Amino acid sequence: MLKKFFLYIAVLSPLLLSAQTPETFIINGRLNTVKTPLRVYLSYLVNNKKVLDSTVLVDGSFQFTGKILAPVSALMLVDHKGAGFKGFKPDDDVLSFYLEKGNIYIAGADSISNTQITGSAINADNEQLSTAMAPIYLKGQQLQAEQRAATADMQRSAVYQNTLQDKFQAIQKEREAALRTFIIAHPDSYLSLMALSSMGGPSADLSVIEPLYNNLATKLKETDAGKKLQQSFVGLRATAIGVTAPDFTQPDTAGNPIKLSSLRGKYVLLDFWSSNCEPCLQSYPNLVRVYEKYYKKFTVLGVSLDKATYKTAWLNAIKQNNLDWTQVSDFKEWNNEAAMLYYVNAIPQNFLIDPDGKIVGKNLRGAALEGKLIELLLK
């Protein structure tokens, strides 16, 4: 989840788009000092399908035309090395920007990554947002570097995991505050709609994002993306703090049916994971410690999003990581019926449920989980 979170800082991802009238974009580009006929690539999505187009610089100039359904993030690469699009690296000459209908002008000296974009309102908005997000993104990169440099013993340490999660959550709060400020100041920008769709991750706080949505311009709410964002609120309401946790039954490691509601009487952490989810596995030393400390009043129900061919890997991960709580799976991966019931589209993800079956917390990891348990148990 950490890796995915920082990806969304760099490039906000648009909502899935359904069929609507395609609109034409025209990109006119120029690199003034480049005379070599280099190939230029353009990559973007239409109807959630990747489009890869290319052309050649002619005396420093190039042009792309195409059709999109709505503003969408795009990637442009000038292939100085002749490696092709598949061979490019993040530090190559790459530009992340947005496509929208009409004429977009891109101009620079010798590098597409250091150009000025004009004629595009959404890219002007994106430049402003990117400036605000840059120091937050830098903190994220530094935290990732810190995580990569940590030894295996440090990774297993509960203190290290708690510290890492505290830092991550602080950056996440800073990120969402910056997005919120931008959205409020730009209620008629399509970028605000995209930014809002990325807030809160897989289990957003409806009390935060719904007022921001309501403040958006009507023209944005009437787009397909705006309607889909509003539809997503249904799932958020179904798993909101204070509602009764949706019940389900799935087989455990021995094939016995386990019903979520059968665990009432204790606090239950409903934990969605898979055996090949590295962030999930990294968080377990701390969860094991919390489970062993509070097991008399607290338990965990693990729901694996593995597929049937990974059953052995699932069982091995349970054993190797000392996950001694109840584990279930229907081996349908992302179509896991419990995951769909809880609108899970990223892992790790969890829900804390009280002894009466009410949801009292979401995505609690590190010190946040133990802190919430202490708060609840002291009441």
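Phenylalanine 25 has glycine 66 of strand 4 as its bridge partner. The model is predicted, and local features are reported only at pLDDT of at least 70, side-chain atom pairs only at pLDDT 80 or more, while totals for chains, interfaces and linings use all residues. Residues are numbered from 1 along each chain as its sequence is written, and side-chain values use heavy atoms, with hydrogens and water left out. Helices (H or I, at least four residues) and strands (E, at least two) are DSSP runs numbered from the N terminus. Two strands are taken to pair if DSSP finds at least two bridges between them.

Strand 1 (residues 23-31) and strand 4 run antiparallel and are joined by 8 bridges. Both belong to an open sheet of 4 strands, arranged in the order 4-1-7-8 with mixed pairing. Strand 4 (61-68) and strand 8 (115-118) each have a single partner strand and stand at the edges, so one side of each lacks a neighbour in the sheet. From one strand to the next, the twist averages 15°; axes are lines fitted to C-alpha atoms, for helices over the stretch in contact, and angles between N-to-C directions run from 0 to 180 degrees.

Strand 5 (residues 72-79) pairs with strand 2 and with strand 6. Strand 2 (residues 39-46) is antiparallel to strand 5 and joined to it by 6 bridges; in strand 5, alanine 74 is the bridge partner of tyrosine 44. Another 6 bridges link strand 5 to strand 6 (residues 94-99), again in the antiparallel sense, and valine 72 stands opposite leucine 99 of strand 6. Strand 5 is mostly covered, with 7 of its 8 residues buried (under 20% relative accessible area, against over 50% for exposed and in between for partly exposed; 1.4 Å probe, protein chains only).

A further open sheet holds 5 strands in the order 13-12-11-14-15, and its pairing is mixed. Its edges are formed by strand 13 (326-328) and strand 15 (359-362), each with a single partner strand, so one side of each is left without a neighbour in the sheet. The twist here averages 20° from one strand to the next. Within this sheet, strand 11 (residues 267-273) pairs with strand 14 (residues 349-353) in the antiparallel sense over 5 bridges, and leucine 269 stands opposite leucine 352 in strand 14. Helix 9 (residues 278-294) packs on the sheet, touching strand 11 and strand 12 (298-304), where contact means heavy atoms within 4.5 Å. The direction of helix 9 makes about 150° with that of strand 12. Helix 12 (residues 367-377) also packs on the sheet, touching strands 11, 12, 14 and 15, and its direction makes about 160° with that of strand 11.
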